[in-house]
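Hi,

Here is the structure I said I would pass on. Have a look at it first, and then read my notes underneath.

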Amino acid sequence: MIVQKYEEMLQGKSVIRTLSEKATKIGEEIGYENVFDFSLGNPSVPAPAEFTKAMQDLLTNEDPVALHGYSPTLGIPWVKKAIADSLNRRFDMNYEAEHIFPTSGAAGAISHALRLVTEPGDEVITFAPFFPEYIPYVNLTGAQLKVVQSREDFQIDFEALEEAFTEKTMALLVNTPNNPTGVVYSEETLQTLAKFLEDKQNKYGHSIFLISDEPYREIVYGGQPIHFVAKYYANTLTCYSFSKSLSLPGERIGYLAVAPTCEKAKTLVQMCGQISRGIGHNCPSSIMQMAVAKVIDLTSDLSVYERNANLIYETMRDVGLTCQKPDGTFYIFPKAPIADATEFAMTALKYNLVLVPSDSFGRPGYVRLAYCVGEEKVARAMQAFREMMAKEKFC
Ligand code: PLP
């Protein structure tokens with residue numbers, strides 16, 4: 001027997017991946033430097049030199065058996081301690097090594113978090129627009145993803161949340177700074193959310209978990225402080241990734257941090273070891289665990305993303321598109337000038353602009369630009385964008 005649900009998923013292949021493949025095809029014809037590919041969230045800046053040096057040092061000096069061997073089921077103890085210490089230093093928290101579980105990226109962390117706190121049939125709420133991979137992450141656990149629209153400014157609509165919330169809602173999956181909008185939740189939003197969830201826990205008499213997906217935590221603009229989500233709500237499971245902050249998406253490394261204030265916090269981390277056995281995602285790369293721990297407080301040079309954000313936002317405003325100014329990430333989410341965002345994205349392709357229509361993010365009528373692209377190319381892309389808007393009479 002072949003399992004149908006996976007075969008059916010082939011029909012819903014990622015629009016982002018499809019467009020990225022299209023961009024590669026156009027690139028083969030006209031030269032990749034002439035394709036303005038804003039489809040994929042692959043960082044455009046290198047990992048910091050300190051990371052490369054840490055890798056070299058490990059390869060030269062570390063015992064190769066330890067370096068290439070299986071890590072302990074719950075992760076390498078000194079790595080977990082380095083992560084906990086960093087969170088405590090930066091966000092005034094009280095993590096211990098036993099609250100940290102290294103994973104294969106944020107995807108791995110979310111997959112574990114969901115399995116910790118939901119049973120098949122339970123509900124997980126997320127806010128649209130949202131990262132489309134949340135659909136398989138949640139659906140394959142047997143839980144049900146419920147989507148609540150956010151406000152026009154992409155902050156949480158608490159009335160809509162109240163309406164959607166039921167006794168079966170066991171977790172909220174939130175993402176700030178946000179893919180695809182670039183919006184960061186305000187401190188007020190986080191405080192109101194915490195109060196909302198505390199009231200619901202009291203009402204229903206069981207724990208409700210906040211799964212905070214934070215791969216873009218360090219990519220915030222204008223020198224704003226980072227509001228660390230777990231500071232606001234006790235039952236927070238933080239899902240982090242080094243994919244974006246250290247430009248290491250291919251290395252598949254991140255962690256789940258269970259807030260010390262969570263119900264049964266250390267037991268939850270131990271349970272992750274059992275979940276890993278079941279989903280075959282145990283022991284992320286030992287060398288990567290060690291290398292990121294050596295540069296735990298560093299990031300790549302992320303400044304290009306803010307410069308790109310400013311240039312693209314100005315262009316969107318000049319051509320008359322409704323657009324929220326990004327607070328961080330490397331995404332921007334303007335409203336399409338026509339109702340059908342897919343038609344708009346197809347028109348943009350004629351100008352070698354690869355934009356992702358927003359339907360798969362759960363909020364039709366917009367396009368997403370992933371501007372993790374070189375600055376010079378973004379400047380040329382914005383000229384092409386202006387040309388398209390004028391020639392196609394969109395403005
Ligand atoms: N969550 C969001 C919002 C993302 O944008 C991504 C990747 O783009 C992920 C999770 C998955 O991250 P990782 O590559 O670390 O698994």
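Below is what I found, starting with the aromatic rings and then moving on to a tyrosine and a pair of helices.

One thing to keep in mind as you browse: this is a predicted model.

**Aromatic rings**

There are 22 aromatic pairs in total. A good one to start with is phenylalanine 344 with phenylalanine 385: the ring centres are 6.3 Å apart and the planes sit at 75°, so this pair is edge-to-face. If you want to find the two rings, phenylalanine 344 is in helix H13 (residues 341–349) and phenylalanine 385 is in helix H14 (residues 375–391). That is a link between distant parts of the chain, with the two positions 41 residues apart. Both phenylalanine 344 and phenylalanine 385 are buried.

Phenylalanine 344 also forms an aromatic pair with phenylalanine 394. This one is edge-to-face too, with 5.3 Å from centre to centre and 75° between the planes. Here the partner, phenylalanine 394, lies in the segment after H14, 50 residues away from phenylalanine 344, so again distant parts of the chain are linked. Why does phenylalanine 344 count as buried? Because its relative accessibility is 0%, and the cut-off for buried is under 20%.

Elsewhere, Phe130, Phe131, Tyr134 and Tyr137 come together as one aromatic cluster.

**Tyrosine 313**

Next, go to helix H12 (residues 303–318), where you'll find tyrosine 313. Is tyrosine 313 buried or exposed? Its relative accessible area is 16%, so tyrosine 313 is buried. What does tyrosine 313 touch, once its neighbours within four places in sequence are left aside? The contacts are Cys323, Gln324, Lys325 and Ile332. For a sense of scale, try picking aspartate 63 as well: tyrosine 313 and aspartate 63 are 250 residues apart in sequence, and their C-alpha atoms are 49 Å apart in space.

**Two packed helices**

Last, look at helix H5 (residues 77–91) and helix H11 (residues 286–294). They pack at an angle of about 35°, and their axes are 9 Å apart. The crossing of H5 past H11 is left-handed. On the H5 side, the contact is made by Trp78, Val79 and Ala82, while H11 brings in Gln289, Met290, Ala293 and Lys294. Sorted by class, that contact of H5 with H11 has five nonpolar residues, one polar and one charged.

That's it from me. Enjoy exploring!

Definitions and conventions:
Residues numbered from 1 in each chain as written. Predicted model: local features only at pLDDT ≥ 70, side-chain atom pairs only at ≥ 80, totals over all residues. Heavy atoms only, no water. Phe/Tyr/Trp six-rings, centres within 6.5 Å; stacked < 30°, edge-to-face > 60°. Helix = DSSP H or I, 4+ residues; strand = E, 2+ residues; numbered from the N terminus. Buried < 20%, exposed > 50% of the residue type's maximum accessible area, 1.4 Å probe, protein only. Contact = heavy atoms within 4.5 Å. Axes fitted to C-alpha atoms, helices over the stretch in contact; angles between N-to-C directions. Left-handed = near helix turned anticlockwise from the far one by under 90°. Nonpolar A, V, L, I, M, F, W, Y, C, P; charged D, E, K, R; others polar.
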